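Here is a friendly walk through one protein chain, best read with the structure open beside you. The route goes from the sheets to the helices and ends with a few local details.

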Amino acid sequence: MAREVVDAMTMRRALTRITYEIIEQNKGVGNLVFIGIKTRGIYLAQRLAQRLKQLEGVDVPVGSLDITLYRDDHHAIDVQGQAKLNGADIPVDINSKHIILVDDVLFTGRTVRAALDALMDQGRPAKISLAVLVDRGHRELPIRPDFVGKNIPTALDEQVSVALEEHDGHDGISIEKLE
């Protein structure tokens with residue numbers, strides 16, 4: 001049975017706080033590009049860009065990254081034996097830009113590692129920062145987020161689920177014990 005640990009209002013506040021931190025740490029937002037990791041990271045990146053526009057009046061480009069091919073824990077191939085490449089949808093040249101990589105939950109760090117590999121195949125950014133809605137701990141790689149909405153300590157036999165209006169019909173974060 002899943003229990004909700006963050007409601008829609010708390011999630012909205014966390015995203016607003018992340019947006020303010022991005023503004024403060026970057027002394028301007030002219031060189032920023034938000035890139036969301038598929039699926040929910042894309043929606044979160046769009047929300048951060050909307051909030052930044054409300055606060056600073058600046059349109060920050062938003063792109064998306066599908067890291068399926070880059071994962072080290074997923075080696076599935078399709079029927080013809082070809083790896084599935086879904087790629088990236090990034091509306092600007094990322095060379096010399098400050099990329100803010102956005103994801104919903106940071107756990108082992110393997111998704112972020114894969115996203116960094118995928119991003120480097122797209123160009124050479126000046127800087128890459130990481131923004132996550134939830135940091136649940138249990139890192140297997142030396143990866144640390146620059147911007148965190150909520151730190152939610154979990155056990156390894158628990159699953160953190162982020163629900164977003166755009167994808168799930170409502171906003172919230174819940175934890176469920178795995179069987």
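Two strands count as paired here if DSSP finds at least two bridges between them. Please keep in mind that this is a predicted model.

**The six-stranded sheet**

Take the edge of the mixed sheet as a starting point: the bridge partner of Asp135 in E7 is Asn151. The two strands involved, E6 and E7, pair in the parallel sense, with four bridges between them. On its other pairing, E6 joins E5, again in the parallel sense, over eight bridges. There, His98 has Lys127 in E6 as its bridge partner.

How are the strands of this open sheet ordered? Its six strands follow the order E4-E3-E2-E5-E6-E7, and the pairing is mixed. At the two edges sit strand E4 (88-89) and strand E7 (147-151), each of which pairs on one side only. Helix H2 (residues 40-56) packs on the sheet and touches E2, E3, E5 and E6. The direction of H2 makes about 150° with that of E2.

Is E6 mostly covered or mostly open? Mostly covered: seven of the nine residues in E6 are buried.

**Helix H3 and its buried face**

H3 (residues 110-120) has the buried residues Val112, Ala114, Ala115, Ala118 and Leu119. Looking down the axis of H3, you find these buried residues within an arc of 160°, so they line one face of the helix. What do they pack against? Their partners are strand E2 (32-37), strand E3 (62-65), strand E5 (98-106) and strand E6 (127-135). The helix as a whole lies across E2, E3, E5 and E6 and runs at about 150° to E5.

**The three-stranded sheet**

A second open sheet has three strands in the order E1-E9-E8, with antiparallel pairing. Its edge strands, pairing on one side only, are strand E1 (3-6) and strand E8 (158-163). On average, neighbouring strands of this sheet are turned by 35° against each other, direction ignored. E1 and strand E9 (residues 172-177) pair over three bridges in the antiparallel sense, and Val6 stands opposite Ile173 in E9. Helix H1 (residues 8-26) packs on this sheet, where it touches E1, E8 and E9. The direction of H1 makes about 35° with that of E1.

As background, strands of a sheet pair through backbone hydrogen bonds, either parallel or antiparallel.

**Ala14, a residue to look at in H1**

Ala14 is found in helix H1. Is Ala14 buried or exposed? With a relative accessibility of 1%, Ala14 counts as buried, because buried means under 20%. Leaving aside residues up to four places away in sequence, Ala14 touches Leu133 and Gly149. Its C-alpha atom is separated by 6.9 Å from that of Lys150, although Ala14 and Lys150 are 136 residues apart along the chain.

**Backbone details in the loops**

Most residues other than glycine have a negative phi, and most peptide bonds are trans. Three spots in this model are worth a look with that in mind. The first topic is a peptide bond: Lys38 and Thr39 are joined by a cis one, with omega about 10°. Thr39 lies in the loop between E2 and H2.

The next topic is phi. The table sets out two residues other than glycine with a positive value.

| Residue | Phi | Loop | Relative accessibility |
|---|---|---|---|
| Ser96 | near 65° | between E4 and E5 | 51%, exposed |
| His138 | near 65° | between E6 and E7 | 31%, partly exposed |

Why do these two fall into separate classes of accessibility? Exposed means over 50%, so Ser96 at 51% counts as exposed. His138, at 31%, lies between the cut-offs of 20% and 50% and therefore counts as partly exposed.

**Rings and charges**

How many aromatic pairs are there, taking ring centres within 6.5 Å as the rule? The count comes to zero. An aromatic ring does take part in another kind of arrangement: the charged end of Arg136 sits over the ring of Phe107, 3.9 Å from the centre of that ring.

Conventions: Residues are numbered from 1 along each chain as its sequence is written. This is a predicted model: local features need pLDDT of at least 70, side-chain atom pairs count only at pLDDT 80 or more; totals for chains, interfaces and linings use all residues. Side-chain values use heavy atoms; hydrogens and water are left out. Buried means under 20% relative accessible area, exposed over 50%, partly exposed in between (1.4 Å probe, protein chains only). The arc is that of the directions from the helix axis to the C-beta atoms. Contact means heavy atoms within 4.5 Å. Axes are lines fitted to C-alpha atoms, for helices over the stretch in contact, and angles run from 0 to 180 degrees between N-to-C directions. Rings of Phe, Tyr and Trp (its six-membered ring) pair if their centres lie within 6.5 Å; planes under 30 degrees apart count as stacked, over 60 as edge-to-face and the rest as tilted. A charge sits over a ring if NZ of Lys or CZ of Arg is within 6 Å of the ring centre and within 35 degrees of the ring normal.
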